[in-house]
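Let us walk through this protein together, starting from a single residue and working outwards. Keep the structure open beside you as you read.

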Amino acid sequence: MIDVTSVLINKEADEIVIKGVDLDSIWCFSDEPEEDAECTEVEYKFDISLAGARKYLYIVTKNNKKASEFKYMDERLEALVGQTIHFSDNFRVKDEA
């Protein structure tokens with residue numbers, strides 16, 4: 001689960017970048033996180049030139065009460081800021097490492 005902090009829409013590159021705080025990261029090393037444990041920042045990239053990624057993002061925004069109030073996709077994606085959601089790894093752009 002991530003707490004979305006920003007959404008960047010780059011229409012020239014057909015890419016959407018959603019940044020947030022990975023809330024699950026404090027649990028990965030132990031059952032009880034330490035009191036001063038910090039969550040890590042994460043960045044999810046979606047290639048919107050692919051129909052599957054566009055449909056997935058539409059479904060994510062449709063199933064979010066705040067985002068589904070808007071008509072246009074740009075507004076729906078911006079409404080995700082401040083929401084806590086989960087993204088599937090299936091539609092993300094894989095990091096080249």
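A good place to begin is Thr-61, which sits in helix α1. The model you are looking at is a predicted one. Is Thr-61 buried or exposed? Its relative accessible area is 0%, and because anything under 20% counts as buried, Thr-61 is a buried residue. What surrounds Thr-61, once its neighbours within four places in sequence are left aside? Its contacts are then Ala-67, Ser-68, Met-73, Arg-76, Leu-77 and Leu-80.

Now step back to the helix that holds Thr-61. Helix α1 covers residues 51–62, 12 residues in total. From first C-alpha to last, α1 reaches 16 Å, close to the 16 Å expected at 1.5 Å a residue. Thr-61 has company among the buried residues of α1: the others are Ala-53, Tyr-56, Leu-57 and Val-60. These buried residues lie on the same side of α1, because they cover an arc of only 130° around the axis. The general rule behind such a pattern is that an α-helix has 3.6 residues a turn, so residues three or four places apart point the same way. On the face of α1 turned away from the buried side, you will find the exposed residues Ala-51 and Lys-55.

What does the buried side of α1 pack against? Its partners are β2 (15–22), β3 (40–47), α2 (73–78) and β4 (84–85). With these elements in view, the overall plan is easier to follow. The protein has two helices and four strands, and along the sequence they follow the pattern β-β-β-α-α-β.

Let us turn to the strands. The four of them form an open sheet in the order β3-β2-β1-β4, with antiparallel pairing. At the edges are β3 and β4, each of which pairs on one side only. As background, strands of a sheet pair through backbone hydrogen bonds, either parallel or antiparallel. Here, β1 and β4 pair in the antiparallel sense over two bridges. To find this pairing on your screen, look for Asp-3, which stands opposite Thr-84 in β4.

Next comes the interior. The largest nonpolar core has 18 residues, and those with the most contacts inside it are Ile-2, Ile-18, Leu-57 and Phe-87. Two or more residues of this core come from each of β1 (2–10), β2, β3 and α1. Leu-57 is also one of the buried residues of α1. Ile-2 is worth a moment of your time as well. With its neighbours within four places in sequence left aside, Ile-2 is in contact with a long list of residues, including Ile-18, Val-21, Val-42, Tyr-44, Ile-85 and Phe-87. Over the protein, buried residues make up 29% of the 97 residues. Among contacts between residues at least 6 apart in sequence, 47% join residues at least 24 apart.

Finally, consider the charged side chains. Side chains of opposite charge can pair when their charged atoms come close. How many salt bridges does the structure hold? There are four. One of them joins the side chains of Asp-74 and Lys-11, at 3.0 Å from N to O. That pair links distant parts of the chain: Asp-74 belongs to helix α2 and Lys-11 to the loop between β1 and β2, 63 residues apart. Asp-74 is partly exposed at 33% relative accessibility, whereas Lys-11 is exposed at 52%.

Another salt bridge pairs Lys-19 with Glu-43, their closest N and O atoms being 3.7 Å apart. This one also links distant parts of the chain, with Lys-19 in strand β2 and Glu-43 in strand β3, 24 residues apart. Lys-19 counts as partly exposed at 30% relative accessibility, and Glu-43 is partly exposed too, at 39%. Lys-45 joins Lys-19 and Glu-43 in a network of salt bridges.

A further salt bridge brings together the side chains of Asp-89 and Arg-92, at 2.6 Å from N to O. Asp-89 is partly exposed, with a relative accessible area of 46%, and Arg-92 is partly exposed at 23%.

Note on methods
Residues numbered from 1 in each chain as written. Predicted model: local features only at pLDDT ≥ 70, side-chain atom pairs only at ≥ 80, totals over all residues. Heavy atoms only, no water. Expected span 1.5 Å × (residues − 1). Buried < 20%, exposed > 50% of the residue type's maximum accessible area, 1.4 Å probe, protein only. Arc of directions from axis to C-beta. Contact = heavy atoms within 4.5 Å. Core = buried A, V, L, I, M, F, W, Y, C linked by side-chain atoms within 4.5 Å. Pairing = 2+ DSSP bridges.
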